[in-house]
Amino acid sequence: MLVALPLAAHGRLPEPMATHWGGPSGAPDGASSFAGAMAFPVAVWAVLVLGVAAFAAARAWAATALLPGGVALAGAQAVVVRANLDQEDWRRADLPDAWVAAAVCATVAAAAVAGWFIDRRAGMPGDGRPPARGPAMDVPDGERLVWLARTSNPWLHLTAAVLGAAAAVGAVAGAGGLVAGPVWFVVPLAFAALAVLACSSVRACVTGEGLEVAFGPLGWPVRRWPAAVVESARVEDRRPAQVGGWGYRLSGLGTTVMLRAGECLVVRAGGKDFAVSVDDAARGAALLNSLARCGGGGGGVERR
């Protein structure tokens, strides 16, 4: 994006380009060659990535740093291109309207929040114990029972990335002035990208409280079933053709989160079935049935 946008507008940009605005009037007071204006944000991005990769403490907050950093650099590049677009002299390059800056700032803030959630989910510690080797119900008295499984679908991740990239290109092109008029098509693309991303991975967790199924890399949205409302839990082999495809599906079998064909944990509550395709579903079903019979409670074996 940092390179593609100025290259796409190259024939409509002055040489040199305005790259800095200052003073009470906000008039341009600094310029750079086309190559320099394109290379500077790329260099800043490279330094940011290398800095995160070089320090272990920084790697724990990689998404928090890189997501808003990348969005800020892309937004700044779009503002520079838009200001210089179709100007014969860089001194006449006025900054875009305030709404462009406001949109960039809002997007940077949203990216920072999303990055923080991603890093927080990735860094959530376990209880330090090794995975259970025997039956799930063979646990010393007084310990807390926990079963945890994760599944993701790389094709859904790729689809979300393509849709998100298309939305980002449209938004940056609009901010850079390369597209005339409002870029409303970005909204459905962004919504579709978020919806597919939310269905591209899942984490199922059974604790003394019941079952929790969290969606997407941020672990949100979340569906919960208290142990007291679970009627039964079982394992079924399901295929995409049976439930109508991939992702979050509604069919005659009930609700299915289909990320890969094969065994699914199926929970019946309120007379309705909910299935999620995760590994080790038999252990999760056994634990959930045990908790449902005793109304909750129990102690701690964790399986990742």
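This briefing walks through one protein chain, from its overall make-up down to single residues. The model is predicted. Its secondary structure comes to nine helices and 11 strands. The chain has 304 residues, and buried residues make up 38% of them. Among contacts with a separation of 6 or more, 62% are between residues 24 or more positions apart.

**The four-stranded sheet**

- A good place to start is the open sheet of four strands, which follow the order β3-β4-β5-β6 with antiparallel pairing.
- The edges of this sheet are β3 (residues 147–152) and β6, each of which pairs on one side only.
- From one strand to the next, the twist averages 10°.
- Strands of a sheet are held in pairs by backbone hydrogen bonds, and the pairing may be parallel or antiparallel.
- Between β5 and β6, the antiparallel pairing runs over five bridges.
- To see one of the residue pairings, look at V213, whose bridge partner in β6 is R223.

**Helix α9, across the sheet**

- Helix α9 lies across β3, β4 and β5, and it runs at about 40° to β4.
- This helix has 14 residues and reaches 20 Å from its first C-alpha to its last, close to the 20 Å expected at 1.5 Å a residue.
- Which residues of α9 are buried? They are A281, R283, G284, A285, L287, L288 and L291.
- Those buried residues of α9 pack against β3, β4 and β5, and also against β7 (230–238) and β10 (262–269).
- Just ahead of the helix is D280, in the loop between β11 (272–276) and α9 (281–294).
- The phi angle of D280 is near 60°, a positive value in a residue other than glycine.

**An aromatic pair between two strands**

- The chain has two aromatic pairs.
- One of them is formed by W225 and F274, with 4.6 Å centre to centre and 45° between the planes, so it counts as tilted because its angle is neither under 30 degrees nor over 60.
- W225 belongs to strand β6 and F274 to strand β11, so this pair ties together parts of the chain that are 49 residues apart in sequence.
- Both W225 and F274 are buried.

**S200 and its surroundings**

- You can find S200 in the loop between α7 (186–198) and β4 (201–207).
- Is S200 buried or exposed? S200 counts as buried because its relative accessibility is 0%, and the cut-off for buried is under 20%.
- The side chain of S200 makes a polar contact of 3.4 Å with the side chain of H157.
- Leaving aside residues up to four places away in sequence, S200 touches S152, N153, L156, H157 and L259.

**Helix α2 and F40**

- Helix α2 covers residues 34–54, which makes 21 residues.
- From its first C-alpha to its last, α2 reaches 31 Å, close to the 30 Å expected at 1.5 Å a residue.
- The buried residues in α2 include F34, A37, M38, P41 and V52.
- F40 also lies in helix α2, but F40 counts as exposed because its relative accessibility is 59%, and the cut-off for exposed is over 50%.
- F40 and L2 are 38 residues apart along the chain, while their C-alpha atoms are separated by 9.4 Å.

**Backbone details in the loops**

- A cis peptide bond joins E15 and P16, with omega at about 0°.
- P16 sits in the loop between α1 (4–8) and β1 (17–22).
- Another cis peptide bond joins W220 and P221, with omega at about 5°.
- P221 is in the loop between β5 (210–215) and β6 (222–226).
- D86 has a phi near 60°, a positive value in a residue other than glycine.
- The loop that holds D86 runs between α4 (62–84) and α5 (98–122).

Key:
Residues are numbered from 1 along each chain as its sequence is written. This is a predicted model: local features need pLDDT of at least 70, side-chain atom pairs count only at pLDDT 80 or more; totals for chains, interfaces and linings use all residues. Side-chain values use heavy atoms; hydrogens and water are left out. Helices (H or I, at least four residues) and strands (E, at least two) are DSSP runs, numbered from the N terminus. Buried means under 20% relative accessible area, exposed over 50%, partly exposed in between (1.4 Å probe, protein chains only). A polar contact is a pair of N or O atoms within 3.5 Å; within protein, one must be able to donate a hydrogen and the other to accept it, and residues adjacent in sequence count only if both atoms are side-chain atoms. Contact means heavy atoms within 4.5 Å. The expected span of a helix is 1.5 Å times one less than its number of residues. Two strands pair if DSSP finds at least two bridges between them. Axes are lines fitted to C-alpha atoms, for helices over the stretch in contact, and angles run from 0 to 180 degrees between N-to-C directions. Rings of Phe, Tyr and Trp (its six-membered ring) pair if their centres lie within 6.5 Å; planes under 30 degrees apart count as stacked, over 60 as edge-to-face and the rest as tilted.
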